[in-house]
Amino acid sequence: MKHRISWILWLVVSLYLALTTRNPYYLSLQLLELSFLGYFLAKRKGSTKWLTSNIRFIGIVLLFSGVINTLFSHQGKIIFFKLPQQWLIIGGAFTLESLTYGLINGLVIAVLFLIFNIINLALNTRQIIHLIPKIFYPIAIILTISLTFFPTIQRRISEIKEAQQLRGNQMKKIADWLPIVLPLLISSLERSITLSESMTARGFHPQQSLRSSKNVLIGIVLALFSIFSAWILQLFDYPPLISIILYLIGGISVLLTFFIANRKISVTRFYQEKWKLVDILASIFFAIIISILVILEISGCSPQLTYSPYPVITQPIFNIGAVLLNLTLLLPLIAIISTNCKENDPD
Amino acid sequence: MIRINKLTYRYPNTTQPVLIDVNLEIPSGTITLISGASGSGKSTLLRCINGIVPHFTGGVIQGEIQVFEENPIQSGPLKLAGLVGYVFQEPESQFVFDVVEAEIAFSLENAGVEQLELNKRINQIIDHFQLNSIRYKHIQDLSGGEKQKVAIASALVNHPKVLIFDEPTSQLDAQTAEEFLQFLVNLTTTFGLTTLIAEHRLERVLPFVDAIAHITQDHHLIFGPPRKILPHLDLAPPIVRIAQSFNISPLPLSVGEFSNKFTKLIKNKYPIETEDSPVDTGPILLLNQLSTNIHDQNIIKDISFNLNQSEILVVLGPNGTGKTTLLRSILGLIPSEGKRELFSKNMEIMKISSIIKHISYLPQNPNDLLFADSIIEELKITLKNHHQRKTDAQLIEFLEPLDLAKQYNRYPRDLSIGECQRTAIAAITIHDPEIILLDEPTRGLDYHSKLELSSLLKNWRNQGKAIMVVTHDVEFAARLADRVLIIENGKMLFVGHPRVAFTQFEKYQTQTARLFSDTNAIIPEDIIFDEKNGN
């Protein structure tokens, strides 16, 4: 599985799961799955330290989140020990419920962190830039240039530093950096002028701006309005169906606007990702999962993933259906292994 | 076909036009050389042809330009992008993407070329330029020559009718430049291009061009076939100068065209005697078995030589052979093995700060040094770094031989390339070091600036300084060298008398040496001077 669309659909499913789940069993399961997937992807790229460095980070997140919640929140029945009430903020009971709540928060943060880490492993920069719609072509180009610009800057800094050092600059005071910053600044400016001339000479031109097209403007306003009002209605406990329909209208009008605007843009893209069978199957699978989730959400019988330790800590439920749903996160792994595709990407 | 009619242009915020009443008609399928001193307006003229001037730069333009069916002044660079391919002076600063393939695709993407066609064209151009091995590589990992090829490929992929080069060979060694120009001629015929090249080194380009457009010091333009224009240039390449002094007609443009009859005639009349090797005046810098590794790769190996007082040592060698690494190893910027001695002291135990009191170094890009508000301020900064002090009068006196005394108060970055470089040289020598190292000092310099530079260096040599110049400009080196060191693949190939270096090693033969191959003549003055003496 390599195609950016399949990965984005995976991202949507994983984000939904990560943000709706509060059940520590499921969250731990997600964490395990993601660590496994990430380890596998990183190993294919030749880095073996991925898991250890991430486990350290996750450990720190869990610790912090647990400790801080216990320090500041003093509700709950099962009490470890008490600090005097008059102590500012931290005074009060230290409870198991509060610790559990903090740990659950930590788990969510860790899962989110791993999800984006995996996206970063799975897609190369070009694919990520490719996700920017064509109407924002100049933004995509700016991102690309910045990728090449920074290595150049680094090299220039060391060249200039060396030249100034040989001229007797001792590089001791802050003022000694001026002879490096100024030539760097000027040469970067000169370089960017040459670059823009070169881009102009090769036919780069800012596309018609969004404002100039009425349809695009209407589309974007409509989308923003629907999404915002859906959110407000949801906040005030209106029937969820209304919000969902509004969300859908907003999402569709965003997609439609981009689609219409994209067709007006006269640039083409050299890199076209090829759809392999695995990518198509995986995308269809994730699309089905997403639609099922949407339908469940509308019908009001969405899976019970939530859990709260308050007011009294209880055993979280463990439902086999929810476990199966969570297992979909591992699908990329199966897709990759089943096709046995090798890392032959030019990048 | 390019036709320019009564073109006058001045940049915004200036009073003097940089091009005055330019008339030009370049037929299709030809190669035209644009010559002229630095700052005379060569690049401006080239930028007029693809509409960057005045659409990108602003300014006031009068007259007409016709490039095939387009008028750049009216249509602007966007329309011209498909018609004119432009390769800028430094390929590095014109790249948008990090990968070769993507870079080549850029202009096609902008033009909205359909996917199938786009792939086809990119494959074609990659095959033609034989870039398959570097197709997916990162541009920053390429060699200078490869970068240039990528730049040309990205300009050609859009199938332009006109191809423009701004000083394409200024960073190439003699052999690579020759190969490049041959490649260019083939491109021009294969693709039916109309090619324009701005270049300082006439001796390299002349054999390949059909016409010269020369921009004079007063910003007018003369245009015609090389033989018609050359007599009007005050600084023609060696071969033309020799031919002119012997009234040979028609003027030869390459060594091959210089008929054997003429060489024999001149040679038989005035045989040149061999000279003795230069006297060893006592080494102040001594290198023995110097080797340097960078990233486990052997860059230079077992290099041993002395640098004497009152001597100019020229280091020659192809691109990427380790010349700059040698200079950096001498200074101790990179660790090396072997013996380095300065005034009989082991340099291994010396700090860089004490080495640079005696040795100063001019980097390839003089702009890396300059940042102050005026020339004289630059000098004061170096003096302060070395805890020295001089009066303004002394400083201005120091600037006198560098031809900068009158403009001591000017902002260094407003100066011409030649002046800018001399400012950098002044800034690194004001504390009176005994040894001066220069890395590719002729890059981008026109003939005048090169002559000024060589007379300045000779002057200092006569005052007792030891000077080491790294260059691949053979003609400049022949004029300057007291002794020559040739490095190839990091190894020492030869060290000794310039008359041996510039005659015995085919790659480094000057035009004069190639013409009079069994004499010791290496610069035109050897021949022309003898002629006058003979009379």
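Student: Let's start with the contact between the two chains: how many residues does it take from chain B and from chain A?
Tutor: Happy to start there, keeping in mind that this is a predicted model. Both chains take part in the contact, with 41 residues coming from chain A and, from chain B, 48 residues.

Student: Which helix of chain B gives the most to the side that touches chain A?
Tutor: Several helices of chain B each supply at least two residues to that side, among them α4 (77-80), α6 (115-128) and α17 (417-429). The top contribution is 7 residues, and the helix that gives them is α5(B).

Student: By class, how many nonpolar, polar and charged residues has the side of chain B that touches chain A?
Tutor: Let's go through the classes for this side of chain B. Charged residues number 5 and polar ones 14, while the nonpolar count is 29.

Student: What ipTM does the predictor give the complex?
Tutor: For chain B, the average pLDDT is 88, and 95% of the residues score at least 70. For the complex, the pTM is 0.80 and the ipTM is 0.86.

Student: Now inside chain A: are α1(A) and α4(A) roughly parallel or antiparallel to each other?
Tutor: The axes of α1 (residues 4-20) and α4 (residues 96-122) of chain A come within 10 Å and cross at roughly 175°. Angles over 145 degrees count as roughly antiparallel. The two helices, α1(A) and α4(A), are therefore roughly antiparallel.

Student: How many charged residues are in the contact of α1(A) with α4(A)?
Tutor: On the α1(A) side we find W7(A), L11(A), S14(A), L15(A) and A18(A), which meet residues of α4(A) including V108(A), L112(A) and I119(A). The contact has 10 nonpolar residues and 1 polar, and the charged count is none: no charged residues.

Student: In the open sheet of 6 strands in chain B, which strands stand at the edges?
Tutor: The strand order is β5-β6-β7-β3-β8-β9, with mixed pairing. Each edge strand has a single partner, so one side of it is left without a neighbour in the sheet; these strands are β5 (84-87) and β9 (221-224) of chain B.

Student: Which residue stands opposite S35(B) in β8(B)?
Tutor: Strands β3 (residues 31-35) and β8 (residues 211-215) of chain B pair in the parallel sense over 4 bridges. Opposite S35(B), in β8(B), stands H214(B).

Student: And which residue in the turn of the β18(B) and β19(B) hairpin has a positive phi?
Tutor: Strands β18 (residues 483-488) and β19 (residues 491-496) of chain B pair in the antiparallel sense over 5 bridges. V484(B) has G496(B) as its bridge partner. The hairpin has 2 residues between its strands, and the turn residue with a positive phi, of about 50°, is N489(B).

Technical notes:
Residues numbered from 1 in each chain as written. Chains lettered and ligands numbered in written order. Predicted model: local features only at pLDDT ≥ 70, side-chain atom pairs only at ≥ 80, totals over all residues. Contact = placed C-beta atoms within 7 Å. Nonpolar A, V, L, I, M, F, W, Y, C, P; charged D, E, K, R; others polar. pLDDT = per-residue confidence, 0-100. Pairing = 2+ DSSP bridges. Axes fitted to C-alpha atoms, helices over the stretch in contact; angles between N-to-C directions. Parallel < 35°, antiparallel > 145°, perpendicular 65-115°, else oblique.
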